[in-house]
Amino acid sequence: MTVVALLCLAVAAAAPALMLLPRPRVRTSALVSLVALAVAALAAAAAPPAQGVAVVVALVLTALAAITGGGPTVLVAFRIARRQPDAGPAPSPPPGPLRGGRVIGVLERAAVTASILAGWPEGIAIIMAVKGLARYPELREPQASEQFIIGTATSVLWAVAACGVGRALLT
C-alpha cells in the first residue's frame, strides 16, 4: 500500500502540469490532484510506516504535491467564488488588487509543508500572521479581502491535506 500511496502522491504532484497542455483545463488538473490525493490518503492509512528509502521518497513527494497541487485548486476556488465556468483556454489570475499571489502561494505552501513535516504545526500561525501583516495595506481595496481569504484558506488547506498523507505514510 505504501507504493500505491507514493504513486498517487506523484500523480497529485504532477497533475498541475496538465495546465501546460495546448488546451489546459484548470478544473481537470485540480480534480486529478484531488482524486490522487484522496486515493493516496486511503492507501497511506492502510500502509505500515514507511522505512528506508521510502521515507525520503514520501517526504519529497509530499512536499511536491503540497506545493504544486495547490495552484490549480486555488484557481478553481476563485472560479467557484465568482461562479465562472471553466471555459477559457488558459487559466487567468483572478481580478483584483492583490499581485504576486501565485508566487506567494507557492512560498506559503512550502512554508506550511516544512512546518508540518518538521512537526511544528504552530509555525502555520506565524506564516499566516506574516502574510496578513504584509498584505494588510492592500486589504482595504474592494475584493482584496475576499481574494486574500479564499486564496489563503484554499492554499493552506491543500498543503495541510497533502502533509496529512505524508504524515500518515511516516507514522
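Gly101 is partly exposed, because its relative accessible area is 41%, a value between the 20% under which a residue is buried and the 50% over which a residue is exposed. This glycine belongs to helix α4. The model that shows it is predicted. In sequence, Gly101 and Val32 are 69 residues apart, and their C-alpha atoms lie 23 Å from each other in space.

From this one residue we can step back to the chain. Its secondary structure consists of 6 helices and 0 strands. Following the sequence from start to end, the pattern reads α-α-α-α-α-α. Along the principal axes, the C-alpha atoms fill a box of roughly 50 × 40 × 20 Å. The radius of gyration of the protein chain is 16 Å, and this agrees with a compact globule, because a globule with 171 residues would have a value near 16 Å.

Two further values describe how the chain is packed. Of its 171 residues, 41% count as buried. Among the contacts between residues at least 6 apart in sequence, 78% join residues at least 24 apart.

Next comes the interior. In soluble globular proteins, nonpolar side chains tend to be buried together. In this model the largest nonpolar core has 28 residues, and those with the most contacts inside it are Leu6, Leu9, Leu37, Val112, Val165 and Leu169. Each of the helices α1 (2-14), α2 (26-46), α3 (53-82), α4, α5 and α6 (144-170) supplies at least two residues of this core. The largest share, 7 residues, comes from α6. There is also a second, separate core of 5 residues, which includes Val26, Ala30, Leu75 and Val76.

Leu169 can serve as a closer look at the largest core. This leucine lies in helix α6. Its relative accessible area is 0%, so Leu169 is buried. Not counting residues up to four places away in sequence, Leu169 touches Thr2, Ala5, Leu6, Leu9, Ala44, Pro48, Pro49, Ala50 and Ala58. Two of the names in that list, Leu6 and Leu9, are also among the core residues with the most contacts. Leu6, for its part, touches Ala54, Val57, Ala58, Leu61 and Leu169, again leaving out residues up to four places away in sequence. Gly100 is another matter: Leu169 and Gly100 are 69 residues apart in sequence and 33 Å apart in space, C-alpha to C-alpha.

Ile67 gives a contrast to Leu169. This isoleucine is found in helix α3. Ile67 counts as partly exposed because its relative accessibility is 22%, whereas buried means under 20%. Ile67 touches Val106, Arg109, Ala110 and Thr113, with residues up to four places away in sequence not counted. Ile67 and Arg135 are 68 residues apart along the chain, and 21 Å separates their C-alpha atoms.

Arg135 leads to another feature, since it is one of the residues that line the second largest pocket. This pocket has a volume of about 150 Å³. Its lining is made up of Ile104, Leu107, Glu108, Ala111, Ile127, Met128, Val130, Lys131, Ala134 and Arg135. Helices α4 (101-117) and α5 (123-135) each supply at least two of the lining residues, and the largest share, 6 residues, comes from α5. By type, the lining divides into 7 nonpolar, no polar and 3 charged residues.

One of the lining residues is Lys131. Is Lys131 buried or exposed? Its relative accessibility is 14%, so Lys131 counts as buried. This lysine is part of helix α5. Leaving aside neighbours within four places in sequence, Lys131 is in contact with Ile104, Glu108, Phe148 and Thr152. Of these contacts, Ile104 and Glu108 also appear in the lining of the pocket.

How values were computed. Residues are numbered from 1 along each chain as its sequence is written. This is a predicted model: local features need pLDDT of at least 70, side-chain atom pairs count only at pLDDT 80 or more; totals for chains, interfaces and linings use all residues. Side-chain values use heavy atoms; hydrogens and water are left out. On a 1 Å grid over the protein atoms alone, a cavity is a set of points where a 1.4 Å probe fits but cannot get out, and a pocket is an open set with protein on both sides within 12 Å along at least five of seven lines; lining residues have an atom within 4 Å of a point. Grid points are joined across faces, edges and corners, and a volume is the space filled by probe spheres set on the points. Helices (H or I, at least four residues) and strands (E, at least two) are DSSP runs, numbered from the N terminus. Ala, Val, Leu, Ile, Met, Phe, Trp, Tyr, Cys and Pro count as nonpolar, Asp, Glu, Lys and Arg as charged, and the others, Gly among them, as polar. A nonpolar core is a set of buried Ala, Val, Leu, Ile, Met, Phe, Trp, Tyr and Cys residues joined through side-chain atoms within 4.5 Å. Buried means under 20% relative accessible area, exposed over 50%, partly exposed in between (1.4 Å probe, protein chains only). Contact means heavy atoms within 4.5 Å. The radius of gyration is taken over C-alpha atoms; the globule rule is 2.2 Å times the number of residues to the power 0.38.
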